[in-house]
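Me: Please take a close look at the sheet in this model. I would like to know how its strands are arranged and what packs around them.

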Amino acid sequence: MSLKTYSIEPFTPNNFKSFFKKRVKFEINEKALRENLFSEGIKGFEDLQKSEVKLNVKKPVLFYPGCGFDALLPLIVLKTLFGYFHEATIIFADTILPISPVIGYFKQLTGVERIFKKGNMVKFEYEDCKINCLFIESDVVLQYPDISSIDVYLERGFEMFRNKNPMFLDKNIEILNKKGLFLTDFGDITRDDLKHIEMPESVLNLGLYKGFKVYRKE
Ligand SMILES: C[S@@+](CC[C@H](N)C(=O)[O-])C[C@H]1O[C@@H](n2cnc3c(N)ncnc32)[C@H](O)[C@@H]1O
């Protein structure tokens, strides 16, 4: 008879608790979602959720340049395009990036009350999902952030900026991990290393100008 072996972590009150805790998938507060999206956006969200595209990375890193105050889109991405994950990092970057409004938005969208802030880093937990956020207030072209690899590149309403700086696209695809997702609402990208993933028509509505597209790095 063969015996199964399990690795046992040293006991601490916290891991004792998590041992019995049900794994809960990351959620967005339904009411807040309806307040922040038009009905066609909600359909896009639901259809994106039903899509076959799922990135199975346990500790995904999302980079969102030109984020403005938008906390909703990265949360939609975490909710819809991931299988189970237990810790995610979102890197927000913008020339003007006050942290408090984004934190307020997070509270509203997730219902989480306890959000910890230290300098330009923020951390909160939703059930057993940890979300770490890094806020970079700078011009991402003049000073490209020190990021070595990402699982998701996210941009929305950034077309003027990308038009002026064609090298920026190359740099982001370079640091995007294989099978990573490139999400944009700007134009069609034709490159050998990016494969466009077909989505229902409604998903386009998640873009500011109704052009939201998903690509996967080959
Ligand atoms: C149209 S807004 C889109 C905001 C957000 N992505 C959304 O969907 O709600 C474009 C954002 O890009 C930012 N931006 C423009 N040039 C930038 C640069 N060089 N570096 C970082 N952010 C920039 C602006 O400050 C602005 O917040």
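Reply:

**The sheet and its surroundings**

Strand β4, residues 121–126, and strand β5, residues 129–137, are antiparallel partners joined over 6 bridges. Within this pair, Tyr126 stands opposite Cys129 of β5. The model is a predicted one, and what follows describes that prediction.

The pair belongs to an open sheet of 9 strands with mixed pairing. Going across the sheet, the order is β3-β4-β5-β2-β1-β6-β7-β9-β8. The edges are taken by β3 (115–118) and β8 (194–197). Each of these has a single partner strand, so one side of each is left without a neighbour in the sheet. From one strand to the next, the twist averages 20°.

Several other pairings can be followed along that order. β5 also pairs with β2, this time in the parallel sense, over 8 bridges. One contact point of that pairing is Glu87, whose bridge partner in β5 is Lys130. Further along, β1 and β6 run parallel and are joined by 2 bridges. Here Phe63 stands opposite Tyr153 in β6. β6 and β7 run parallel as well, with 4 bridges between them. In this pairing Leu154 stands opposite Leu183 in β7.

β6 deserves a second look for its surroundings. The strand is mostly covered, with 5 of its 5 residues buried.

Next come the helices that pack on the sheet. Taken over the protein chain, the secondary structure amounts to 7 helices and 9 strands. Helix α7, residues 167–175, packs on the sheet and touches β6, β7, β8 and β9 (213–217). The direction of α7 makes about 140° with that of β7. Leu169 is one of the residues in helix α7. With 18 other C-beta atoms within 10 Å, Leu169 is partly exposed. Buried would take 20 or more such atoms, so Leu169 does not reach that class. Leu169 and Ile189 lie 20 residues apart in sequence, and their C-alpha atoms are 9.9 Å apart in space.

The nonpolar core comes next. In soluble globular proteins, nonpolar side chains tend to be buried together. The largest nonpolar core here has 43 residues. Those with the most contacts inside this core are Leu62, Tyr64, Val77, Phe92 and Leu154. Helix α4 gives the most to the core, with 7 residues. Leu154, already met opposite Leu183, is thus a shared point between the strand pairing and the core. Leu62 can be followed in detail. Leaving aside residues up to four places away in sequence, Leu62 touches Pro74, Val77, Ala88, Ile90, Ile91, Ile150, Asp151, Val152 and Leu154. Over the protein chain, 29% of the 218 residues count as buried. Among contacts between residues at least 6 apart in sequence, 73% join residues at least 24 apart.

A ligand is also present. It is surrounded by 17 residues, and the closest are Gly66, Gly68, Asp70, Arg156 and Gly157. The shell around the ligand divides into 9 nonpolar, 4 polar and 4 charged residues.

Two backbone angles remain. Most residues other than glycine have a negative phi. Lys179 is not a glycine, yet has a positive phi of about 75°. Lys179 is placed in strand β7. This residue is exposed, because 12 other C-beta atoms lie within 10 Å, and 12 or fewer is the limit for that class. Lys210 also has a positive phi, of about 55°, although it is not a glycine. Lys210 is placed in the loop between β8 and β9. Lys210 counts as partly exposed, because it has 15 C-beta neighbours inside 10 Å.

Terms used: Residues are numbered from 1 along each chain as its sequence is written. This is a predicted model: local features need pLDDT of at least 70, side-chain atom pairs count only at pLDDT 80 or more; totals for chains, interfaces and linings use all residues. Two strands pair if DSSP finds at least two bridges between them. Axes are lines fitted to C-alpha atoms, for helices over the stretch in contact, and angles run from 0 to 180 degrees between N-to-C directions. Two residues are in contact if their C-beta atoms, placed from the backbone, lie within 7 Å. A residue is near a molecule or strand if its C-beta atom, placed from the backbone, lies within 6 Å of it. Ala, Val, Leu, Ile, Met, Phe, Trp, Tyr, Cys and Pro count as nonpolar, Asp, Glu, Lys and Arg as charged, and the others, Gly among them, as polar. A nonpolar core is a set of buried Ala, Val, Leu, Ile, Met, Phe, Trp, Tyr and Cys residues joined through C-beta atoms within 7 Å.
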